Amino acid sequence: QELQALHAAATGHAPQAYAALGQRYQALADAAAQLGDGETQARFLAQATAAYTDGVRQGETAGAPTIELTDLHAGLAALYRARVAATGHVEDGQAMVVEAGLALAGVMVDDPRRGELEQWQIEGLRLMLADLRRRGDIPGALALIEQLQTLPAGASGSDFLAQERQALVVQQAVQLIEQGDRTTALALAGDLI
């Protein structure tokens, strides 16, 4: 009955109503997980995702300001974060970064959720960085490091980023050596190797 009432309140109305519906489905998914019912959990997570997504779509169609869509984007970011924690899939990490960024656009500087959303963005970007390194996409990884450096001071871990950049330069030099280009490799990372 509660879900039916939330559905009726949400359909075609304000984004906050969709956010309430999504949060309720998310709570039900969490309860199903605690009971060990993975099938029911997956169904409720899909319904939560649909509620948040429908709310965003309705809000954008109605021309709602960014701040009214914040709870919906934050809810989606939380869902993707839960998936990342459960599976480690890079695609979910990418979606988490996007949704956290969209939520941050509507969050005030003093909002307590801001730090959490920024941390989720960093976690997702680091997951993407690890994936790029594993696949040998050095230019992509270096570009991602640049993106991480634009985040709030201290949040992205400047020591971590410096170490990652250094490791990528060495990895690129090793690739050049394997391709027979010792001169460029030594010019790029001679001191490091």
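**Salt bridges and helix packing in a predicted model**

Colleague: At 32% relative accessibility, does aspartate 54 count as buried, exposed or partly exposed?
Modeller: This is a predicted model, and every value in it is computed from the atoms. Residues count as buried under 20% relative accessible area and as exposed over 50%. Because the 32% of aspartate 54 lies between those cut-offs, its class is partly exposed.

Colleague: Which residue does the side chain of aspartate 54 meet in a salt bridge?
Modeller: The bridge has an N to O distance of 2.7 Å, and the two residues lie three apart in helix H3 (residues 38–62), so they are separated by about one helical turn. The partner has a relative accessible area of 48% and is therefore partly exposed. The side chain that meets aspartate 54 is that of arginine 57.

Colleague: How many residues separate glutamate 118 and arginine 114 in helix H6?
Modeller: The side chains of this pair also meet in a salt bridge, with 3.8 Å from N to O. Both residues belong to helix H6 (residues 113–135), where about one helical turn lies between them, so the separation along the chain is four residues.

Colleague: Arginine 133 and glutamate 164 also form a salt bridge; how many residues apart are they?
Modeller: Their side chains come to 3.2 Å, N to O. The pair links distant parts of the chain, with arginine 133 in helix H6 and glutamate 164 in helix H8 (residues 158–178), and the separation is 31 residues.

Colleague: Which of these two partners is buried?
Modeller: Arginine 133, at 27% relative accessibility, counts as partly exposed. A relative accessible area of 13% falls under the 20% cut-off, so the buried partner is glutamate 164.

Colleague: Which residues are joined into one network by salt bridges that share partners?
Modeller: The count for the model comes to eight salt bridges. The network formed through shared partners consists of Asp71, Asp111 and Arg113.

Colleague: Over the ring of which residue does the charged end of arginine 43 sit?
Modeller: A search of the whole structure finds one aromatic pair. As for the charge of arginine 43, it lies 5.7 Å from the centre of a ring, and that ring belongs to phenylalanine 44.

Colleague: What span should the 15 residues of helix H5 have?
Modeller: Among the buried residues of H5 (residues 90–104) are Val90, Asp92, Met96, Glu99 and Leu104, and what covers the buried residues includes helix H4 (66–87) and H6. At 1.5 Å a residue, counted for one less than the number of residues, the expected span agrees with the distance between the end C-alpha atoms, and so both come to 21 Å.

Key
Residues numbered from 1 in each chain as written. Predicted model: local features only at pLDDT ≥ 70, side-chain atom pairs only at ≥ 80, totals over all residues. Heavy atoms only, no water. Salt bridge = Lys/Arg side-chain N within 4 Å of Asp/Glu carboxyl O. Buried < 20%, exposed > 50% of the residue type's maximum accessible area, 1.4 Å probe, protein only. Phe/Tyr/Trp six-rings, centres within 6.5 Å; stacked < 30°, edge-to-face > 60°. Lys NZ or Arg CZ within 6 Å of the ring centre and 35° of its normal. Contact = heavy atoms within 4.5 Å.
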